[in-house]
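The following exercises are to be worked with the sequence and the structure at hand. Each task is followed by a solution in steps.

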Amino acid sequence: MLEARHLTKRYGTTTALEALTLTVSPGEVFCLLGANGAGKTTTINLFLNFVDPSEGQALVNGVDVTRAPLESKRHLAYIPETVMLYRNLTGLENLEYFAALAGSTDLSRGSLLKVLERVGLPADAADRRVGGYSKGMRQKVGIAIAVAKGARALLLDEPTSGLDPKASNEFSELLRQVSGDGVAVLMATHDLFRAKESGTRVGIMKRGRLVALHGTDEFSHADLERLYLEHMHD
């Protein structure tokens, strides 16, 4: 569903991402780990066509994002560190608005409420303004938008940053749900624990290169931390 082929991004003499090759299949949760500046967000931005590659290709469902940006975005949903919603609209109104923008105009109020219920938003919150939501609640609305859109690939950039342990655990459960529906998930994160808990594979990045690639069933939480720190040393 998501494929990078020798994906490279340079800014002048600085290489932000170098010859990245990876595939994220339907139902897989692939976690990109690495320090700030390692190339994680650059990878996400290239798949979103926010920036153009210097070399290589980013493909979504076989569609080159540079050659067909609108077509590729039909398959995608994006959740950044802070989900941007309209503060003066309710959670339900935000979901209805963004679902309509994505082309899902035939969803009834009841259908949208079921989506919000599925992602774990409290029932009494659907008709409250988003300005009073916690970060975890906004993230749930973001997932609900992806579900209502019928996105087949989900791109996440530090989605658990700033969440308390309970909200972070709930978010991991949401990822298991959407991946269980066959959605391909690519997540950039610093959270080693959540990467182990919700990921099926992890890739460690350093200075724009993918330096390690492992299945999460290959090691314990402690082993992942040790492996990560070994790669972070010069």
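Contact here means heavy atoms within 4.5 Å. The model is a predicted one.

**Exercise 1.** Determine whether Arg 194 is buried or exposed, and describe its surroundings.

*Solution.*
Step 1. Locate the residue: Arg 194 belongs to helix α7, which spans residues 192-198.
Step 2. Apply the cut-off: buried means under 20% relative accessible area. Arg 194 has a relative accessibility of 8% and is therefore buried.
Step 3. List the contacts, leaving aside residues up to four places away in sequence: Arg 194 touches Thr 160, Pro 165, Ser 168, Asn 169, Ser 172 and Gly 199.
Step 4. Examine two of these partners. Between the side chains of Arg 194 and Ser 168 there is a polar contact of 2.9 Å. Asn 169 is 25 residues from Arg 194 along the chain, yet their C-alpha atoms are separated by 7.9 Å.

**Exercise 2.** Establish the strand order of the open sheet of four strands, and state which helix lies across β1, β2 and β4.

*Solution.*
Step 1. Read the order across the sheet: β2-β1-β4-β5, with antiparallel pairing.
Step 2. Identify the edges: β2 (14-24) and β5 (63-64) each pair on one side only, and are thus the edge strands.
Step 3. Inspect one pairing. Strand β1, residues 2-11, runs antiparallel to β2 and is joined to it by seven bridges. Opposite Tyr 11 stands Thr 14 of β2.
Step 4. Place the helix: α1 (residues 40-47) lies across β1, β2 and β4 (55-60), and runs at about 115° to β1.

Key
Residues numbered from 1 in each chain as written. Predicted model: local features only at pLDDT ≥ 70, side-chain atom pairs only at ≥ 80, totals over all residues. Heavy atoms only, no water. Pairing = 2+ DSSP bridges. Helix = DSSP H or I, 4+ residues; strand = E, 2+ residues; numbered from the N terminus. Axes fitted to C-alpha atoms, helices over the stretch in contact; angles between N-to-C directions. Buried < 20%, exposed > 50% of the residue type's maximum accessible area, 1.4 Å probe, protein only. Polar contact = N/O pair within 3.5 Å; in protein donor to acceptor, adjacent residues only side chain to side chain.
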